[in-house]
Amino acid sequence: MSGPWVVALGDPAAAEVGLVGGKGAGLHRLVALGARVPAGFVVTTAAFAAAVAAPEEIEAPLRALPADAPVAAVEEAAAQARAALTDAIRSAAARGDVPVLDAVRAAYRELADSAGPGGQRGAGSGAAGGGAGLGTAGDPAVAVRSSAAAEDAADASYAGEHDSYLDVVGPDAVADAVVACWASLYTARAVAYRRGRPAGPMAVVVQRMVAARAAGVFMTLNPANGDRATFVCEAVWGLGEPLVSGAVTPDRFALNKISGEVVRREIAHKPTRLGRAGTEPVPDAERDLPCLTDDELAELLRIGRAVETAAGAPQDGEFAVDDDGVHLLQARPETVWSQRPRTVARGRTALEAVLATLTGGDRDAD
Amino acid sequence: MPTDRFPSPFDIATPEGAEGWESMYDWYHLFGPERRELDEQRFWFADRLHHPDVLHPYDEIQCECWWQALGAFNTRIFAMPPAYGVDQRILNGRLYVTPVPAPPGDVAARAEEFGKRAGHYYERWDAIYAEWKEKVLARLAELRALRFDPLPDLEPESTVYEHVGTSAGFRMIRDFNHLVTSMYETYQWHFELLNIGYAAYLTFFGMCKSAFPDITDQTISRMVGGLDVELYRPDDELKRLAKEAQRLGVDLGEDTPAADLFAVLTKTDNGAEWVADWERTADPWFVVNTDPGHPGGYHVHPTWAEAPDVPLAAVREYVRRLDNGEAIDRPTDDVLRERDRIAGEYRELMAEDDRPVFDETLELARKVFVYIEEHVLYIEHWMWAAFWAKSKELSRALAAMGELDEPEDMFFLRRYEVAEAIYDCVVGWSVGSRSRGADYWRPIVETRRRIYDALKAWEPEPALGPPPAEVNEPFTVMLWGITTSTVGEWLKADDEGGKVLRGTGGAPGVVEGPVRVVTHVGELGSVEPGDVLVCPATSPSWAPVFSRIAATVSDVGGIMSHTAIVCREYGMPAVVGTGNAVSTLRTGQRVRVDGGAGTVTLLDEV
C-alpha cells in the first residue's frame, strides 16, 4: 500500500477507504459535509504497511489453527501474533528504524498547535513534562481508534471488534496507542469476527477528545420498526462509552424528522457518568434530568439528516455534546433495515392500491 | 369473572316506565323473534357517533336515510369488496348497528366489479362532484321553498285564476311526501361519493402507515387536507364579522344576549350596518347545526342562526384575540405550503419504487377529501337544517289546525303517523267536517312523552352480543373509532365497573379538574374556566368553549375526530371515544384526564 502515512481528516486523500479505513473515510465525509467533527488525523494503511514489515509471519500462528480450534487455542495464537507485532516494532524503534511513528508524533504535535474547537487539553501533570516525547501540560487529549478497511462498511459493522484508546495524552502515548490498535487486529474476537479472512491493513484515527457533557448514539430510522421518518437517539451524561458497551441505561429520544417534534422522551435515572478520571457520581439534582436539551436534539437531527441525505442511506452514529454544541464522532450506514425490502405499495396505480386495501391484500406484509 | 360477551339484545330489560316503547319506532327497525337466530349471533354496538341520545319517533327518519342508502351503494351499486351495508336496530330508543361483511368468497369477484365501477368515478371525480353540488343545492332550494301554512278557509283567488288545479290540503300531503323522499334521495347522493371517497382516503392512509409505522393520523390528514373548502366558511365568516366590528368601532359587549345586543346596536349607524351584515351572513353561513358530534341527527339542536348567542360568543372571542394583536386568519397559503413540504419529505423517504403510486394515491386522496369535508356542510348542515325547519313549520301548521295540541307533539309521531295526521287534518278541512285530530293523538303523545323520559334515564350497553375476535373492518375503525382494544375495554368495564374510564388518547397532557357534563349547545354557558368538558362529542359550532376548559372527554370519536383535532390545537389533553363518560360522570366530580394514556380517573366524589 502506497500513499502518505498521515493525512488530516479534512484532506481529500482521506476520502479513500483503502487508505484511511472505513471509520477514517466516514469521518472525512462528515468533515466535508461541514459537520462539527473533532479535529484529527489518520495514520493510514500505508503507514501500517511500512511499519509492519511481514504481516504474514505475524499471522502464522493463527493460520496454523484448525477451523474448529478451541477458544483457548485461538486466544493463545492471537496473543502470540500480537506479541510478534509489538515486539517487531519495539525492536525496530530501538534501532530508530520506525519513521512512521515519528510521523505520528509530528502529526500529534501539529494537532496540539492548531486551536481546534471542542479540544480538551491534557490533564498531564508538570512532572510528566520535559522530555521530547513525553506529554506536556498543554498537550491535547486524543482518542485513538482503529479503522480497518472493512470496518463500518454497509454490510458489516465490525462494531467494537477492534480497540479504542481514550484520553491519550502526549506524543509517545499516542504512538503506543497506535501500535496497540494495530495489534488489536489479532484479538480473539477480531479473529473470530473475520472468520478466516486475513487481517487487512489497518488505519488508525487520532482525534481530539471532546469534553463531553453528554454523549450518545443516534440512528436515522426507528430500529424497532424501520420507520425512516423517525430519528432516535440515546444519550448519557459524560462520555458515551458506557452507553455503547451497554453498561448503563441511557435517556431515549425519538424525533419526527419532518416536523422536528420530539415524539418520545424516556428519561433514565443516571446516577453515574464516565468522566476523564473514570466513573464518577452525577450530582443528585441532575440524575433524573434529560441529558440533552431540545436545542441539542434539534441540532443532532439536522446533522443526522444531512449525513443521511449525503450518504443516500440511513445512518447510525455517535456524538458528544460540549459547550460548543454537538460534535459528530462517527457515522456509518445502518445495516439491519437497510438490507430489507421495503416496498409497501401493492399495485402500480392508485386504483390497484385501493383494491389491495379493500381486499386485505396490503395486510399480507404485516 | 371476566365475561367474554355482551348481553344478548333479547335479554335487555325495558326500563321502568318505558313499557310499550316499541310502538314509537317502525317495526322493521326492532329486534324481533323472526330473525332472533341471526341477530343473536351478531355483534352490535351503540352508534353514539350519529345518534348519541334517545330517538324521537319522528327523528327515526335520520337513521332510515343512511341505513338504506349506505347499504345499497356498498352492497349493490359499487360492490365494495369487503363490506355490505351497516345494519341497524333500535333498542330502548337507542340505535345499535352492525357492519355486514361481504361473504369472503365473493370478495375477489366484487373487487373486479368495484375496480370498474369506482374506477369510473375516480377518473371523473371532479366533474361528477361539480354536478353533484348542483343537484344537491337545487334540491336544497326546493325544500326551502316549500311552505307549510295552516290551510286557508277559502283558497286564494290565484288557485282559480292561475288554474292551479289542486287544493292547499292536497299540496300539504304532496309536499310532506316530497320533503321526506327528498331526504331519502339526498342520502342516495350522500353515499354516491362518500364510501368510495373513504376507500381512496383509507388507501393512502394505509400506505403511509405501512411505510411509516410511527406516522400519526394527524400528519396523514395534513398531507391530504388543508384545502380552502367551504366547510371552513362559517368560521371564516365569524372572523370577518369580528374584523368588521373592529373596523366599525362596534362594541359587542361581553354577556349581553344576542337579541338585546342587536336591538341596542341598530340604534347607531355603524351598529346597524354591522347587524345587517350579520343577518346577510347568517343565511346560509350560520345554518350550522350544533349537535354534539354528527350534525343534523336530531330535530332538537338549533342552528347558529337559531341560537345566535353561540356564534356571537365566537365572534367576541375573535375580537378579543384581535385586540391582543393576534392573527386570526387561517393561513391557507402556509397550510398548503406545509402540506406539500410534508408530503414531499415523506415521499423522499419512501422506497423509490413506491413513489409513483404514492403520488397517484395522494392525488386521489386529495381529490376525494374535498368531498369528504364539504358534504358535511351541504348535507349534514344545510339539508338537515332545512328538513328540520320545514318539519317544524309543518308541526306549527298542524297545531294551528287543531290536529295536535302543540307543535312539538308531532315529533312523538312516526313519519307514517305524521302522514296519517296530515290526511286526517286535510280531509276534515276539505269536507268542512271534523277531523279526529288532537283528541286521537293526545293519549298517544302523552304516553310516548312519558316513555321518552324513561328511556332517557336508561344507560345503554355500549355493545350487544358476541364480540368479534378482531375489529378490522376499515370503515368501522375509521368512522366509529372502534377497535379490537376498545371492545376489550368495554368488556373489562363490564367486570370492573371501576373508577377508570378508557378511551383513545386524542391529545396529550395530564390535568385534573371538575367535570362539566354538556349534551346540548345551550348548556355551554354554564362551563367555568378550568372545567373538564365531558360530552357525547364536540362540534365545530362549539368553538367558543375551547378557550375556557382544561380538558375534554368525549363518548365517541377517534384520533381524527373534531374533539381530538381542536384539543391538539389548543394544547389541552383530550380522551375521546370513552363510550360512556356522559352517563358515568357527573358534573362536579374531580377527575384526572391523561390524554397520552387515554384514561380518565375519578379522584373523588363531590
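How many residues of chain B are in contact with chain A, and how many of chain A with chain B? This is a predicted model, and in it 34 residues of chain B touch 25 residues of chain A. On the B side, four helices each put in at least two residues: H3 (107-123), H6 (168-211), H12 (332-349) and H13 (355-400). H6(B) has the largest share, with eight residues. As for chemistry, the side of chain B that touches chain A is made up of 23 nonpolar, six polar and five charged residues.

Before going further, here's what the predictor says about its own work. The complex gets an ipTM of 0.85 and a pTM of 0.82. Chain B has a mean pLDDT of 91, with 97% of its residues at 70 or more.

Let's take chain A next. Its 366 residues include ten helices and 13 strands. Buried residues make up 48% of the chain. If you look at contacts in chain A with a separation of 6 or more, 65% of them link residues 24 or more positions apart.

Back to chain B, this time by domain. The assignment gives domain 1 as 1-123 + 460-497, domain 2 as 235-332 and domain 3 as 499-604. Measure things from C-alpha centres and you'll find domain 1 of chain B and domain 3 of chain B 26 Å apart. Where these two meet, domain 1 of chain B offers eight residues and domain 3 of chain B offers twelve. The domain 1 side of that contact splits into four nonpolar, two polar and two charged residues.

Now zoom in on strand S9 of chain B, residues 551-554. Which way do its side chains go, and are they buried or exposed? B:Ala551 and B:Val553 point one way, B:Thr552 and B:Ser554 point the other way, and all of them are buried.

S9(B) also has strands to pair with. Strand S8 of chain B (residues 532-535) runs parallel to S9(B), and four bridges connect the pair. One residue to pick out here is B:Leu533, whose bridge partner in S9(B) is B:Thr552. Strand S10 of chain B (residues 574-576) is parallel to S9(B) as well, joined to S9(B) by two bridges. For that pairing, look at B:Val553, which has B:Val575 in S10(B) as its bridge partner.

Terms used:
Residues numbered from 1 in each chain as written. Chains lettered and ligands numbered in written order. Predicted model: local features only at pLDDT ≥ 70, side-chain atom pairs only at ≥ 80, totals over all residues. Buried ≥ 20, exposed ≤ 12 C-beta atoms within 10 Å, placed from the backbone. Contact = placed C-beta atoms within 7 Å. Nonpolar A, V, L, I, M, F, W, Y, C, P; charged D, E, K, R; others polar. pLDDT = per-residue confidence, 0-100. Domains from an automatic or database assignment. Pairing = 2+ DSSP bridges.
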